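Work through the exercises below with the model open. Each task is followed by a solution in steps.

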Amino acid sequence: MTLEVALFPCLSDNYGFLLHDAETGATAAIDTPDAREIAAQCEARGWQLTEIWNTHWHPDHAGGNVALKRRYDCIVRGPEQDAIPARDVTLSGGESFEFAGRRVEVIHTPGHTDEHIIYHIPSAELAFVGDTIFALGCGRLFEGTPEQMWESLSQIMALPEATKLYCAHEYTLSNAKFAVSVDGDNADLLAAIKDAEAKRAAGEPTVPTTVAAEKRANPFVTAGSAAELGRRRALKDKF
Ligand code: ZN
Ligand code: FE
């Protein structure tokens with residue numbers, strides 16, 4: 001059975017994601033940027049939310065937890081962090097759990113926040129990566145170091161190349177402007193930007209991206225070392 005992923009814009013530039021298995025009815029919201037929008041998207045499809053999987057505590061990722069928990073009485077999984085509202089199951093990375101008969105692997109990816117985690121489903125070749133990696137970008141280092149982010153990106157790049165990466169924000173075109181400023185000779189990057197521009201012009205999301213695409217085009221991956229990642233991240237913060 002195939003898992004269905006519904007993706008929809010929330011807030012100013014977040015994406016909401018629903019993961020659904022038609023056979024069991026299991027439905028997970030990955031992060032809760034906007035409880036009303038997530039509930040409306042469930043209603044429109046006739047889905048009942050059974051789980052919430054949080055990637056990190058930021059309000060644009062966990063802000064809808066309480067309202068959705070109240071409405072659906074769903075299980076809330078999230079990192080070991082006080083600021084995850086209504087959490088039932090604590091995760092820190094390295095564990096796995098079952099969703100609709102599939103194994104979901106939890107990976108600790110510090111850098112953006114200390115306890116950031118991502119959710120990888122090997123059998124579906126996809127991962128929900130929160131604010132760790134974006135198409136042509138990576139999360140700001142609010143709580144972690146360049147070394148941690150480099151290690152986190154390396155873990156994501158170690159997933160199979162076809163793995164789809166569901167990033168939590170539509171940042172691609174603004175990331176592209178910075179990316180060309182540091183890696184403008186990279187033909188794969190220029191091709192990725194063309195592709196992203198065409199998608200946005202057609203009103204389509206640039207998410208998901210893939211491990212293969214980011215390996216070749218993402219300036220924080222092609223940085224090649226934690227030190228260079230740190231240098232580029234500092235440049236981008238002021239870009
Ligand atoms: Zn965040
Ligand atoms: Fe965010």
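**Exercise 1.** How are the donor residues of the zinc ion (ligand 1) spaced in sequence?

*Solution.* The model is predicted: local features need pLDDT of at least 70, side-chain atom pairs count only at pLDDT 80 or more, and totals for chains, interfaces and linings use all residues. Residues are numbered from 1 along each chain as its sequence is written, chains are lettered from A and ligands numbered from 1 in the order in which they are written, and side-chain values use heavy atoms, with hydrogens and water left out.

Step 1. Donors are N, O and S atoms within 2.8 Å of the metal (3.2 Å for Na, K and Ca); water is not among the atoms, so sites may look incomplete.

Step 2. For the zinc ion (ligand 1) the list is H56 (NE2), H58 (ND1), H112 (NE2) and D131 (OD), at 2.2 to 2.3 Å.

Step 3. The spacing is therefore written H-x1-H-x53-H-x18-D.

**Exercise 2.** State the geometry class of the zinc site.

*Solution.* Step 1. Four donors are tetrahedral if all angles lie between 85 and 135 degrees; four are square planar and six octahedral if opposite donors are over 155 degrees apart and all others between 65 and 115; anything else is irregular.

Step 2. Around the zinc ion (ligand 1) the four donor atoms subtend 87 to 174°, so the arrangement is irregular.

**Exercise 3.** Which residue bridges the iron ion (ligand 2) and the zinc ion (ligand 1), and which residues are the protein donors of the iron ion (ligand 2)?

*Solution.* Step 1. The iron donors are D60 (OD), H61 (NE2), D131 (OD) and H169 (NE2), lying 2.0 to 2.4 Å from the ion.

Step 2. The angles among these four donor atoms are 85 to 167°, and the iron site is irregular.

Step 3. D131 bridges the two ions, which lie 3.2 Å apart.

Step 4. H61 is in helix 2 (residues 59–62) and H169 in the loop between strand 13 (164–167) and helix 5 (172–183), so this pair ties together parts 108 residues apart in sequence. Helices (H or I, at least four residues) and strands (E, at least two) are DSSP runs, numbered from the N terminus.

Step 5. Both H61 and H169 are buried (under 20% relative accessible area, 1.4 Å probe, protein chains only).

**Exercise 4.** Which element gives the most to the lining of the largest cavity?

*Solution.* Step 1. A cavity is a set of points on a 1 Å grid over the protein atoms alone where a 1.4 Å probe fits but cannot get out; lining residues have an atom within 4 Å of a point.

Step 2. Residues lining the largest cavity include Y15, F17, F128 and V129.

Step 3. Strand 10 gives the most, with three residues.

Key: Buried < 20%, exposed > 50% of the residue type's maximum accessible area, 1.4 Å probe, protein only. 1 Å grid on protein atoms, 1.4 Å probe; cavity = no way out; pocket = protein on both sides within 12 Å on 5 of 7 lines; lining within 4 Å.
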